[in-house]
Amino acid sequence: MKRRTSLQLIGGGLVFAAAPMLTACSSDLPPQALVAWQGPGNETDVRKWILSYAILAPNSHNLQSWRVDLRQQGIITLYCDTTRLLPETDPYSRQIVMAQGTFLELLDLAAREKGFRTTIELFPQGEFGPKAVDQRPVARVRLEADASVTKDPLFAQILRRHTNREAYEARPVLPDAVRAIQTSVASAGLQLGMLTQGDALQQHRAIAKEAWRIEMITPRTILESYKVLRVGPEEIAKHRDGLSVNAPLARTLVSLGLFDRSKAPTSDDIAVTSQIKDFNAKIDSTGAFFWLVTDGNDRTTQVNAGRAYARAQLAATALGLSMHPLSQALQEYPEQAKPYADIHRMLGADAARQTVQMWARLGYAPAVQPSPRRGMASHLISA
Ligand SMILES: Cc1cc2nc3c(=O)[nH]c(=O)nc-3n(C[C@H](O)[C@H](O)[C@H](O)COP(=O)(O)O)c2cc1C
């Protein structure tokens with residue numbers, strides 16, 4: 001147990017400052033929330049076997065906004081779960097659509113592993129408009145057994161991949177690792193970049209910090225995270241989604257009624273200032289950044305960016321490297337307009353025709369626990 005107990009969450013950590021040691025309970029997540037990370041076990045239905053891997057995909061705020069229809073033989077139809085969106089921080093559901101792509105990429109890797117070829121038809125009833133997702137399918141995936149299909153070594157990383165929000169080690173990310181991550185992604189219409197040294201690191205750090213500060217002091221955006229905050233083993237095991245906080249201090253504050261998640265804290269509240277301080281320290285520990293820029297920003301492009309991110313993070317995992325997305329500056333709500341413009345300019349993306357779809361910390365870090373999953377069955381659309 002660490003001497004300093006903190007309440008941590010989200011992409012950087014909700015931290016309620018240093019506190020005396022509270023040793024009575026563990027920060028380990030309840031095992032029921034992590035069952036999905038044991039893989040499909042002896043599942044005999046091929047589509048369910050494959051989906052047991054797909055649901056482990058990275059996805060924003062761990063909302064797992066995936067609905068799956070298996071009623072047609074040999075077909076997996078994927079829908080976006082429109083009850084699980086982030087209207088404040090992801091007003092056009094760009095990130096939610098990217099997470100449809102991360103899901104499809106893991107689905108494809110798992111299908112190959114099982115000897116099945118996928119034919120993925122995106123938006124078979126037409127693409128969502130630029131502002132909102134809807135009830136039409138995201139993808140219709142046909143599976144065909146095919147002994148000639150090539151397995152992908154990235155499959156082996158699916159159960160090992162985790163978003164890592166810890167401070168990163170000083171160990172540099174070397175050119176060989178950069179090349180390996182780059183080659184993992186087929187990049188038509190998509191630019192993948194990494195920065196591992198130089199003065200520009202300070203500019204990246206400054207943009208990340210400012211964007212995070214804005215998200216923390218904007219009442220409706222911090223409240224959006226509070227809504228999906230799961231504090232303590234009961235809440236985490238019950239929901240198996242969202243942002244898990246299991247540190248003893250947080251649990252104590254909640255049980256004493258001292259942490260009211262229905263109200264946004266003021267900008268000078270320790271709940272805000274300590275989060276900013278903690279996030280800034282993590283950003284200062286970051287010696288490398290990763291990004292993906294696309295030409296255009298339609299829904300197919302967003303899905304493909306999600307697929308690329310999943311591959312890059314799996315490739316990083318194979319190299320022992322961690323990633324932690326920094327979405328705040330990429331978000332389309334008005335208060336982020338300056339960080340949004342700054343990161344686009346910094347990465348050489350012309351915001352009129354290009355979009356930074358992903359920007360992440362990259363580095364070596366201590367291992368972290370997996371995050372909860374609701375389980376394959378919770379995504380199935382029943383007859
Ligand atoms: C499009 C997208 C945006 C994300 N943005 C953030 C972010 O800003 N901060 C963060 O900590 N994690 C971010 N994540 C990571 C998710 O929070 C993470 O994937 C999810 O909580 C599940 O955890 P896991 O990746 O460890 O399985 C993002 C993931 C995706 C796919």
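## Exercises on a predicted two-domain model

In strand 10, Arg 361 is the bridge partner of Phe 289. The exercises below concern a predicted model, and they start from this one pair of residues.

**Exercise 1. Find which strands Phe 289 and Arg 361 help to join, and place those strands in their sheet.**

Step 1. Strand 8 covers residues 289-295 and strand 10 covers residues 354-363, and these two strands pair in the antiparallel sense over 7 bridges. The pair of Phe 289 with Arg 361 in strand 10 belongs to this picture.

Step 2. As general background, strands of a sheet pair through backbone hydrogen bonds, either parallel or antiparallel.

Step 3. The order 5-8-10-9 describes an open sheet of 4 strands with antiparallel pairing. Its edges are formed by strand 5 (190-195) and strand 9 (322-325), each of which pairs on one side only. Neighbouring strands of this sheet are turned against each other by 25 degrees on average, if direction is ignored.

**Exercise 2. Describe the open sheet with the order 1-2-4-3, going from one strand to the next.**

Step 1. This open sheet has 4 strands, and its pairing is antiparallel. Strand 1 (66-69) and strand 3 (116-122) have a single partner strand each, so they stand at the edges, and one side of each is left without a neighbour in the sheet.

Step 2. Strand 1 pairs with strand 2, residues 75-80, over 4 bridges in the antiparallel sense, and Asp 69 has Thr 77 of strand 2 as its bridge partner.

Step 3. Strand 2 is also paired with strand 4, again over 4 bridges and in the antiparallel sense. Here Thr 77 has Arg 140 of strand 4 as its bridge partner, and Thr 77 is also the residue that partners Asp 69.

Step 4. Strand 3 and strand 4 run antiparallel and are joined by 7 bridges, with Thr 118 standing opposite Leu 143 in strand 4.

Step 5. A helix completes the description: helix 2 lies across strand 1, strand 2, strand 3 and strand 4 (139-145), and it runs at about 160 degrees to strand 2.

**Exercise 3. Work out how helix 1 and helix 2 are arranged, and which classes of residue make their contact.**

Step 1. In general, two packed helices are described by the angle between their axes and the distance between the axes.

Step 2. Helix 1 (residues 46-54) packs with helix 2 at an angle of about 135 degrees, and their axes are 8 Å apart. The two helices are therefore oblique to each other, and helix 1 passes helix 2 in a right-handed crossing.

Step 3. On the side of helix 1 the contact is made by Ile 50, Leu 51, Tyr 53 and Ala 54, while helix 2 contributes Phe 103, Leu 106, Leu 107, Ala 110 and Ala 111. Sorted by class, these are 9 nonpolar residues, with no polar and no charged ones.

**Exercise 4. Which helix gives the most to the side of domain 1 that touches domain 2, and how does helix 2 meet helix 9?**

Step 1. The protein chain is divided into domain 1 (32-156 + 371-379) and domain 2 (160-227 + 262-363), and 23 Å separate the centres of the two domains.

Step 2. Between the domains, 26 residues of domain 1 are in contact with 26 residues of domain 2. Helix 2 gives the most to the domain 1 side, namely 11 residues, and that side divides into 14 nonpolar, 7 polar and 5 charged residues.

Step 3. The axes of helix 2 (residues 94-113) and helix 9 (residues 299-318) come within 6 Å and cross at roughly 55 degrees. The two helices are therefore oblique to each other, and their crossing is right-handed.

Step 4. Among the residues of this contact are Val 97, Gly 101 and Leu 104 of helix 2, together with Val 303, Gly 306 and Tyr 309 of helix 9. The residues of this contact divide into 9 nonpolar, 6 polar and 5 charged.

**Exercise 5. Are helix 4 and helix 10 roughly parallel or roughly antiparallel?**

Step 1. The axes of helix 4 (residues 200-217) and helix 10 (residues 337-346) come within 10 Å and cross at roughly 160 degrees.

Step 2. That angle makes helix 4 roughly antiparallel to helix 10, and helix 4 passes helix 10 in a left-handed crossing.

Step 3. The residues in contact include Ile 207 and Ile 214 of helix 4, and Ile 343 and Met 346 of helix 10. By class, the contact has 6 nonpolar, 2 polar and 2 charged residues.

Methods: Residues numbered from 1 in each chain as written. Predicted model: local features only at pLDDT ≥ 70, side-chain atom pairs only at ≥ 80, totals over all residues. Axes fitted to C-alpha atoms, helices over the stretch in contact; angles between N-to-C directions. Parallel < 35°, antiparallel > 145°, perpendicular 65-115°, else oblique. Left-handed = near helix turned anticlockwise from the far one by under 90°. Contact = placed C-beta atoms within 7 Å. Nonpolar A, V, L, I, M, F, W, Y, C, P; charged D, E, K, R; others polar. Domains from an automatic or database assignment. Pairing = 2+ DSSP bridges.
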